[in-house]
Amino acid sequence: LFAVLVALYEEPEKPNSALDFLKHHLGASAPENPEIEALRLEVAEMKEKYEAVLEENKKLKTKV
């Protein structure tokens, strides 16, 4: 782990994600499963819908 952190420090062009750099150099960079990405998108959509419902709920409570 120390050697990978030193490699990150010595990298001339710093990567966007240090975590991805560590995963890649430690051999944990398995390709992303498309199903996982689909689930992430679904979660993001559900969070948006949840926020919209909360906002609608607040508006309706003020009307009562």
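The overall form of the protein chain is described here, followed by its annotated region and features around its N terminus.

In this predicted model, the secondary structure of the protein chain consists of 3 helices and 0 strands. Read from the N terminus, the order of elements is α-α-α. The C-alpha atoms occupy a box of roughly 65 × 25 × 20 Å along the principal axes. The radius of gyration of the protein chain is 21 Å, whereas a compact globule of 64 residues would have a value near 11 Å. Buried residues account for 6% of the 64 residues. The accessible surface of the protein chain comes to about 6,100 Å², of which 61% is supplied by carbon and sulfur atoms.

An unreviewed UniProt entry annotates residues 36-63 as a "coiled-coil region". In the model, the chain over residues 36-63 is 100% helix and 0% strand. The C-alpha atoms at the two ends of this stretch lie 41 Å apart.

Toward the N terminus, Leu 1 is located in the segment before helix H1, which spans residues 2-10. Leu 1 has a relative accessible area of 66% and is therefore classed as exposed, the cut-off for this class being over 50%. Together with Leu 5 and Leu 26, Leu 1 forms a nonpolar patch on the surface. The accessible area of these three residues together is about 320 Å².

Ala 3 belongs to helix H1. Because its relative accessibility is 58%, Ala 3 also counts as exposed. Ala 3 and His 25 are separated by 22 residues in sequence, and their C-alpha atoms are 9.7 Å apart in space.

Terms used
Residues numbered from 1 in each chain as written. Predicted model: local features only at pLDDT ≥ 70, side-chain atom pairs only at ≥ 80, totals over all residues. Heavy atoms only, no water. Patch = residues over 30% accessible without salt bridge, like charges linked within 9 Å, V, L, I, M, F, W, Y side chains within 5 Å. Areas by Shrake-Rupley, 256 points an atom, 1.4 Å probe, with all protein chains shown as cover. Salt bridge = Lys/Arg side-chain N within 4 Å of Asp/Glu carboxyl O. Helix = DSSP H or I, 4+ residues; strand = E, 2+ residues; numbered from the N terminus. Buried < 20%, exposed > 50% of the residue type's maximum accessible area, 1.4 Å probe, protein only. UniProt positions renumbered as here; feature names shortened; annotations may be inferred. Rg over C-alpha atoms; globule rule 2.2 N^0.38 Å.
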